[in-house]
Amino acid sequence: MPLQNRVTPLGELIETPERGLVYGNRGCLHDQDGVIRRPWQVKRWISCRLEFRGRHRAGGTMPPGRYTGLFFLDDATALAAGHRPCAECRNADYRSFLALTGAAGADELDSRLHAERGRLHERELKELPDGAFVVRDGEPCLVLGSELLRWTPGGYTERRTRFSGRVDVVTPPTSVQALASGWSGSVPLVHPQAACPAAN
């Protein structure tokens, strides 16, 4: 039975068997029975490696009183949902992200992201970097090269040609700034399946 700990680019927690390539958390969100009771607990929303110092994050359980382990298709999904690189298991990524966003430290970065999460902002589509997410026809779509790819829990589908015009952007402005500056981390920014999405 899938747990409700998979995250969409819109930050929603869903039940799906697909695990994804990136792990993270935003505090303890579940009760003693493993039922999600809140969308977040702390402002520090992080994204992590699946494996680090002998720890391997699989589909997992939800032990009472512990943080809720979350899973993302890829790092672009985590960034869109408002997460940022973990300072422990992704320290080089974290330091690079800080530098590119101009944040003085974790507290400033987390406060900035917290104010931006879940708020669509309008931008010119042609100006967005690869790895950003937009909403088209109510669906989250990844910006990649000359195309938009529709997100699903298992991968990307429906290639659409990138067009000229303004769009609603899902990825917080701080993370768009980092992506536009050439940031990439040690976990997959975009799921490898995006190179050859399934036809619909």
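## The second largest pocket

L10, G11, R26, P39, W40, W45, A81, H114, R117 and G118 form the lining of the second largest pocket. The model that holds this pocket is predicted. About 150 Å³ of space lies inside the pocket. Its lining divides by class into five nonpolar, three polar and two charged residues.

## The cavity

How many cavities of 30 Å³ or more does the structure hold? There is one. The largest cavity has a volume of about 70 Å³. Its lining is made by R6, V7, I14, T16, E18, R19, G20, F71, F72, L73, W151 and P153. Two elements, β1 (6-7) and β7 (70-72), give two or more residues to that lining.

The classes are mixed here. Seven residues of the lining are nonpolar, two are polar and three are charged.

## Nonpolar cores

The largest nonpolar core has 23 residues. Which of them touch the most other members? They are F133, L142 and Y156. Several elements feed this core. Helices α1, α2, α3 and α4 (173-180) each give two or more residues, and so does β12 (147-152).

A second core is separate from it and has eleven residues. Among them are L13, V22, F72 and V187. F72 has a double role: it belongs to this second core, and it also lines the largest cavity.

## Buried salt bridges

The count of salt bridges comes to 16. One of them joins the side chains of D75 and R90, with N and O 2.9 Å apart. D75 sits in helix α1 (residues 75-80), while R90 sits in the loop between β8 (84-85) and α2 (91-101), so the bridge ties together parts that are 15 residues apart in sequence. Are these two residues buried or exposed? D75 is buried, at a relative accessible area of 1%. R90 is buried too, with a relative accessible area of 1%. Both values fall under the 20% cut-off for buried residues.

R90 has another partner. Its side chain also meets that of D93 in a salt bridge, at 2.8 Å from N to O. Both R90 and D93 are buried. R90 thus appears in two bridges, one with D75 and one with D93.

A further bridge pairs R84 with D110, whose closest N and O atoms are 2.9 Å apart. R84 is in strand β8 and D110 in helix α3 (residues 106-116), so this pair links distant parts of the chain, 26 residues apart. Both R84 and D110 are buried.

## A salt-bridge network

Other bridges share partners. They join D137, E139, R150, E158 and R160 into one network. Two of these residues, D137 and E158, also have backbone angles to look at.

Most residues other than glycine have a negative phi. D137 has a positive phi of about 50°, although it is not a glycine. D137 lies in the loop between β10 (133-136) and β11 (139-144). At 68% relative accessibility, D137 counts as exposed. E158, also a residue other than glycine, has a positive phi near 50°. E158 is found in strand β13 (residues 155-161). Its relative accessibility is 29%, and it counts as partly exposed.

## Two helix residues

Where is T174 placed? T174 is in helix α4. T174 is buried, with a relative accessible area of 2%. The T174 side chain makes a polar contact with the side chain of E116, at 2.9 Å.

S111 is in helix α3. Its relative accessible area is 39%, which makes S111 partly exposed. The C-alpha atoms of S111 and L179 are separated by 19 Å, and the two residues are 68 residues apart along the chain.

Note on methods
Residues are numbered from 1 along each chain as its sequence is written. This is a predicted model: local features need pLDDT of at least 70, side-chain atom pairs count only at pLDDT 80 or more; totals for chains, interfaces and linings use all residues. Side-chain values use heavy atoms; hydrogens and water are left out. A salt bridge is a side-chain nitrogen of Lys or Arg within 4 Å of a carboxyl oxygen of Asp or Glu. Helices (H or I, at least four residues) and strands (E, at least two) are DSSP runs, numbered from the N terminus. Buried means under 20% relative accessible area, exposed over 50%, partly exposed in between (1.4 Å probe, protein chains only). A nonpolar core is a set of buried Ala, Val, Leu, Ile, Met, Phe, Trp, Tyr and Cys residues joined through side-chain atoms within 4.5 Å. On a 1 Å grid over the protein atoms alone, a cavity is a set of points where a 1.4 Å probe fits but cannot get out, and a pocket is an open set with protein on both sides within 12 Å along at least five of seven lines; lining residues have an atom within 4 Å of a point. Grid points are joined across faces, edges and corners, and a volume is the space filled by probe spheres set on the points. Ala, Val, Leu, Ile, Met, Phe, Trp, Tyr, Cys and Pro count as nonpolar, Asp, Glu, Lys and Arg as charged, and the others, Gly among them, as polar. A polar contact is a pair of N or O atoms within 3.5 Å; within protein, one must be able to donate a hydrogen and the other to accept it, and residues adjacent in sequence count only if both atoms are side-chain atoms.
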